[in-house]
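The following exercises concern a single protein chain. Please examine the sequence and the model before reading the solutions.

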Amino acid sequence: MTPVTEVSSDSAAEIDPARFRSVLGHFCTGVAVVTGHDGTAPVGFACQSFAALSLDPPLVLFCPAKTSRTWAVLAESGRFAVNVLAEHQEDVSAVFGARGADKFASVDWAPAPSGSPLLAGALTWIDCTLEAVHEAGDHYVIVGRVTALGEPSDDRPLLFHRGRYTVTEPVTDALAALMPWPRPDDWL
């Protein structure tokens with residue numbers, strides 16, 4: 001068993017950022033690209049902090065850095081799409097995770113009902129309007145109201161774990177029968 005390091009609530013400022021990143025890197029996340037349009041050009045950025053929030057009403061959330069220039073454009077437009085990346089889209093994640101250059105020059109895309117770019121090859125997409133913005137440390141928590149959904153692909157998702165891309169492996173039915181929690185369809 002890993003030893004527990006206790007931290008009192010008043011010493012949270014003492015948490016080393018590198019250790020924080022290392023510890024939280026053990027939580028596997030999906031990789032998505034949040035996209036929008038500023039009226040003249042498409043914009044987008046890679047995002048690991050995306051999650052379903054509510055079924056009724058249908059809400060999602062993601063968390064951009066307060067310094068994100070792309071988020072400023074999306075906030076102004078009030079609309080965005082979330083493109084859930086597939087295992088073969090590491091290059092797309094790298095392009096949208098970097099600053100500068102025309103990120104859309106190397107990818108095919110089509111407009112969502114909102115006009116936000118939908119990336120070719122993504123597992124699926126979620127089109128949204130901006131519902132709420134909450135400050136949270138050096139990031140914002142963005143809540144989006146879902147207005148349209150894409151068809152899901154049978155491909156595997158692109159995941160990020162411990163500083164690297166990874167993918168899922170199917171769980172056999174025998175193992176799934178032993179799982180003490182509901183199947184993933186029941187989680188939300």
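Three exercises with worked solutions follow.

This is a predicted model, in which local features need pLDDT of at least 70, side-chain atom pairs count only at pLDDT 80 or more, and totals for chains, interfaces and linings use all residues. Residues are numbered from 1 along each chain as its sequence is written, and side-chain values use heavy atoms, with hydrogens and water left out.

**Exercise 1. Determine where in the chain confidence is lowest and where it is highest.**

Solution. Begin with the average: the chain has a mean pLDDT (the predictor's confidence in each residue, from 0 to 100) of 85, and 78% of the residues score at least 70. Next, compare the elements, where helices (H or I, at least four residues) and strands (E, at least two) are DSSP runs numbered from the N terminus. Confidence is lowest in helix α4 (residues 173–177), with a mean of 59, and highest in strand β8 (residues 117–119), at 98.

**Exercise 2. Establish the order of the strands in the open sheet and describe their pairing.**

Solution. Two strands pair if DSSP finds at least two bridges between them. By this criterion, 7 strands form an open sheet with antiparallel pairing, in the order β3-β2-β6-β9-β10-β5-β4. The edge strands, β3 and β4 (50–54), each pair on one side only.

Then examine individual pairs. Strands β6 and β9 are joined by 6 bridges, and F80 stands opposite C128 in β9. Between β9 and β10 there are 10 bridges; E135 has Y140 in β10 as its bridge partner. These two strands form a hairpin with 2 residues between them, and G137 in the turn has a positive phi of about 60°. Finally, β5 and β10 are joined by 4 bridges, with V60 opposite G144 in β10.

**Exercise 3. Identify which residues of helix α2 (residues 69–77) are buried, and explain how they are arranged.**

Solution. First, apply the accessibility classes: buried means under 20% relative accessible area, exposed over 50%, and partly exposed in between (1.4 Å probe, protein chains only). The buried residues of α2 are T70, W71 and L74. Seen down the axis of α2, they fall within an arc of 95° (taken from the directions from the helix axis to the C-beta atoms), so they line one face of the helix. The face turned away from that buried side carries the exposed residues R69 and E76.

Second, locate the partners. With contact defined as heavy atoms within 4.5 Å, the buried residues of α2 pack against strands including β2 (32–37), β6 (79–84) and β9 (124–136).

Third, inspect what follows the helix: just after α2, G78 takes a positive phi of about 80°.
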